[in-house]
Structure formats: C-alpha cells, structure tokens
Amino acid sequence: MVSVSFMKEIQSQNKTNSAVIPGFPREIGGVNVENNIWLAPLAGITFASFRRFHRAMGAGLVHTEMVSALGLKYKGRKTKELLFGSDDEAPCVLQLFGANEYDITTGAEVALGIRNFAALEVNMACPMPKVTKKGSGSKLMEEPDESANIVKSLKRFNMPVWVKTRIMPCASEISTEDFCEKLFAAGCDFIFLHGRTPQQRYEGAADSVSVEKIARKFKDKIGGSGDCYAPQDMIRYLEGGCASVLAARGVLRDVYLIPRTLARLGADISQSLCSPDAESRIRMLLQLGENIYNNEGEGLALTIAKRMLCAIFKGFSGAAQLRQAGAMTKSWAEMTELLLRERMRNCPLLP
C-alpha cells in the first residue's frame, strides 16, 4: 500500500485555486474554466481515473475518449462505460464521432441521459482508416454541409457545441478558414484546430503557424493542437492567438507537462509538481496506477504504468533499468513491488 495519497495532496494544493492563471476564471466556448491548458481526448487513455488525475494536476478542462455515437445509439455496454466519471473531473467535454447528423444527435441524447457534460464536441479530425472509412472523423472535412448540419442539430440540447478538426490540404475545394466559418455560422461555439492535414495522420511536424493564423481570424474561438511536448510548445499557441491549447501525447512523455506550463503562465503551482524528486514521482505513479486498478481494472493500470515509466524517471539514475524491469511485470502487484523497491533505493530513510 502507498502510505500517503498523492492525489489527495494535489487536490489539497488546488483548493487554493493554484491552477488559476492571470485573467481567469473566465468563459471560453461557453464553458467556465480556471485556465486554458486542457487535456485532449486520447483513445484508450482519457478514461475517468486519468481525467481526474489531470484535473487534480491543474488541467482547466478534460475530455472523454472519442466515443462512438453509433455505439451509444445501439446501447453498446463498452461504449457507455467510456462515459463514466464523477463530479471532481468537471468541466468534462464529451467527444463524439459519427458519420451524420442523425447518428451523432441520437448518440448525444443517449449520453446526456447517463450524465452531464460541459459541452458536446464532434470529432472531425481523426485520420485513421477504421474511422474515416465509415464517414466519420476527418472524412467529415470533405462534407462541409453535413458537418454544419451536425452542429445545427446538436444545438437543440441548449449547451455548447464544439468541433475538433484539422487544417485542410492545399488541394481541398474549401479552405480551413471557410470550413471554420461554415461551422461557426451553424452555431459552433469553439473549434480545436490540429496543425496537420488528414493525409499526414500523425507524421511530420504540426503547422502551428496555420493554426495561429486561423486563431487570429476567429478571436477567442480557436484552440490549438499538435506537437505540444514542452511548456514552450503550448505557450507558443497561446501567444499566437489561440484561446486554449490541448495537451495530448505530451502528457505521456511528461506527466508534469500541464502544471509546469501553468507555472510558466503565472499560476501558483507547488514546486513538487514543477520539479518533483524521485520520491514524488514514485508515489504519483503508484497512486495513479492504484486508482486505475480500482476503477478501470488491472490491465489498464499496468499498461499506463509501463507506458509512463520511461518518461517519469527520465534523467534519473537507473531509469533505463527500471523501464526494462517494468516491461517484464505481468501484474499490478509486481509493478507495485518494483516501484516500492525503487522508492527504497532512492529514499532509504522513508518508512
């Protein structure tokens, strides 16, 4: 067992509004937030325990995983489980994907019958074939009229409607600016713009300049996304005119990315989150894994711990050996034992 709850420590620190930055709290896209550094939707990652963890770390807003509207429409058990969460992760935005107005609206209705969300967001960004071949994700960028109809239809729920999309390819019949204009005209409250085209998928560099150009055109209505691995990456989007920025795969490389960015922006963040020692890092991973184990199951707890080991202890003595040992663990009990041994190696005087 972990002797002290790292999550409770963080939550206690944040009761003093340490995550609030100058100019906040305020409303963005119809949602009141403490800051504009937000956790992106990540498939297989942003389940409830992970969302609560990053809200405790200071994220101003979190997202569900990308949820299938059709799965909700046909009452799929596993799809519904993606919605589960609690009040301490609010504000939480539901991201849906689907191919048309009817499916997405029906899915939204089912979801809102299960729990409340701060906003409804439509994924028009995912470039993966298993999503686009069904007409969903970035495939909707080729159907601007249908995309606008989806937004209009969702406005019936009387809550903020957001979209996540990408920059248009040069050969596209409609420009990124015109596509965004069409969505806003349909009633969209906020758009996240990822700086890659669908054809790029996740390869190459994100074009932050193009994102910032659109952000300056639609003041306070565009959020930036793409290649945010360090605080300066995220701050660049904000300085370029974006109203907010998403921390995505960067939080898997640096679990402290969000609090470190907030500290740079003027938030009163604890030093233990900006420059954590080995003891803090070990307790953090143990507590996160324990929460996942208790709520989402052993498989996810072990997967997340293995994925984060290298990043969490990068630069510390023995990090490579710890990563190798972690890769060999076959249960959460084995991972816990490994981390407790590492704790004793780094902090032998602790109980």
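This is a short tour of the structure above, going from the whole fold to a few selections worth making.

**The whole protein**

Keep in mind that you are looking at a predicted model. Start with everything shown as a cartoon: there are 17 helices and ten strands in the protein. The radius of gyration is 20 Å, close to the 20 Å that the globule rule gives for 351 residues, so the protein is as compact as a globular protein of that length. Turn the C-alpha trace along its principal axes and you get a span of about 65 × 45 × 35 Å.

Now switch on a surface. About 15100 Å² is exposed, and carbon and sulfur atoms supply 50% of that. Colour by burial instead, and buried residues make up 57% of the 351. As for how the chain meets itself, take the contacts between residues at least 6 apart in sequence: 70% of them join residues at least 24 apart.

**Stop 1: helix H9**

Select residues 208-217, which form helix H9. Which residues of H9 are buried? They are Ser208, Val211, Glu212, Ile214 and Ala215. Look down the axis of H9 and these buried residues fall within an arc of 160°, so they line one face of the helix. The spacing fits the geometry: an α-helix has 3.6 residues a turn, so residues three or four places apart point the same way.

Spin round to the face of H9 turned away from the buried side, and you find the exposed residues Val209, Lys213 and Arg216. To see what covers the buried residues of H9, add helix H8 (176-185), strand E8 (190-194), strand E9 (222-225) and helix H10 (231-239), all of which are included in that cover.

Before leaving, zoom in on the N-terminal end of H9. Asp207 caps it, with a side-chain oxygen 3.3 Å from the backbone nitrogen of Val209. Val209 therefore turns up twice on this stop: its backbone nitrogen faces the Asp207 cap, and the residue belongs to the exposed set on the outward face.

Then follow the chain out of H9 to Asp220, in the loop between H9 and E9. Asp220 has a positive phi of about 65° although it is not a glycine. Its relative accessibility is 39%, which means that Asp220 counts as partly exposed.

**Stop 2: the way into H8**

Since H8 is already on screen, select Ser175, in the loop between strand E7 (161-166) and H8. Ser175 is partly exposed, with a relative accessible area of 32%. Draw a distance from its C-alpha to that of Ala185, ten residues along the chain, and you get 15 Å.

**Stop 3: Lys75 and two cis prolines**

Next, go to Lys75, in the loop between helix H3 (69-73) and H4. Here is another residue that is not a glycine but has a positive phi, this one of about 60°. Lys75 counts as exposed, at 58% relative accessibility.

Carry on to Pro91, in the loop between helix H4 (77-81) and strand E5 (92-97). The peptide bond joining Ala90 and Pro91 is cis, with omega about 0°. Then jump to Pro25, in the loop between helix H1 (6-14) and strand E1 (26-28). The bond from Phe24 to Pro25 is cis too, with omega near 0°.

**Stop 4: the cysteines**

Show the cysteine side chains. How many disulfides does a search of the whole structure find? Zero. Cys126 is in no disulfide, and the nearest cysteine sulfur, that of Cys180, is 18 Å away. Cys170 is in no disulfide either; for Cys170 the nearest cysteine sulfur is again that of Cys180, 16 Å away.

Buried or exposed, then: what are Cys126 and Cys170? Cys126 is buried, with a relative accessible area of 9%, whereas Cys170 is exposed at 87%.

**Stop 5: Met308**

Finish with Met308, in helix H15 (residues 298-312). Its relative accessible area is 1%, so Met308 is buried. What does Met308 contact, leaving aside its neighbours within four places in sequence? Select Phe50, Val255, Leu285 and Leu288, and you have the answer. For a last distance, try the C-alpha atoms of Met308 and Arg323: they are 15 residues apart along the chain and separated by 9.0 Å.

Key
Residues are numbered from 1 along each chain as its sequence is written. This is a predicted model: local features need pLDDT of at least 70, side-chain atom pairs count only at pLDDT 80 or more; totals for chains, interfaces and linings use all residues. Side-chain values use heavy atoms; hydrogens and water are left out. Helices (H or I, at least four residues) and strands (E, at least two) are DSSP runs, numbered from the N terminus. Buried means under 20% relative accessible area, exposed over 50%, partly exposed in between (1.4 Å probe, protein chains only). Contact means heavy atoms within 4.5 Å. A disulfide is a pair of cysteine sulfur atoms within 2.5 Å. The arc is that of the directions from the helix axis to the C-beta atoms. A polar contact is a pair of N or O atoms within 3.5 Å; within protein, one must be able to donate a hydrogen and the other to accept it, and residues adjacent in sequence count only if both atoms are side-chain atoms. The radius of gyration is taken over C-alpha atoms; the globule rule is 2.2 Å times the number of residues to the power 0.38. Accessible areas come from the Shrake-Rupley method with a 1.4 Å probe; for residues, only the protein chains shown count as cover.
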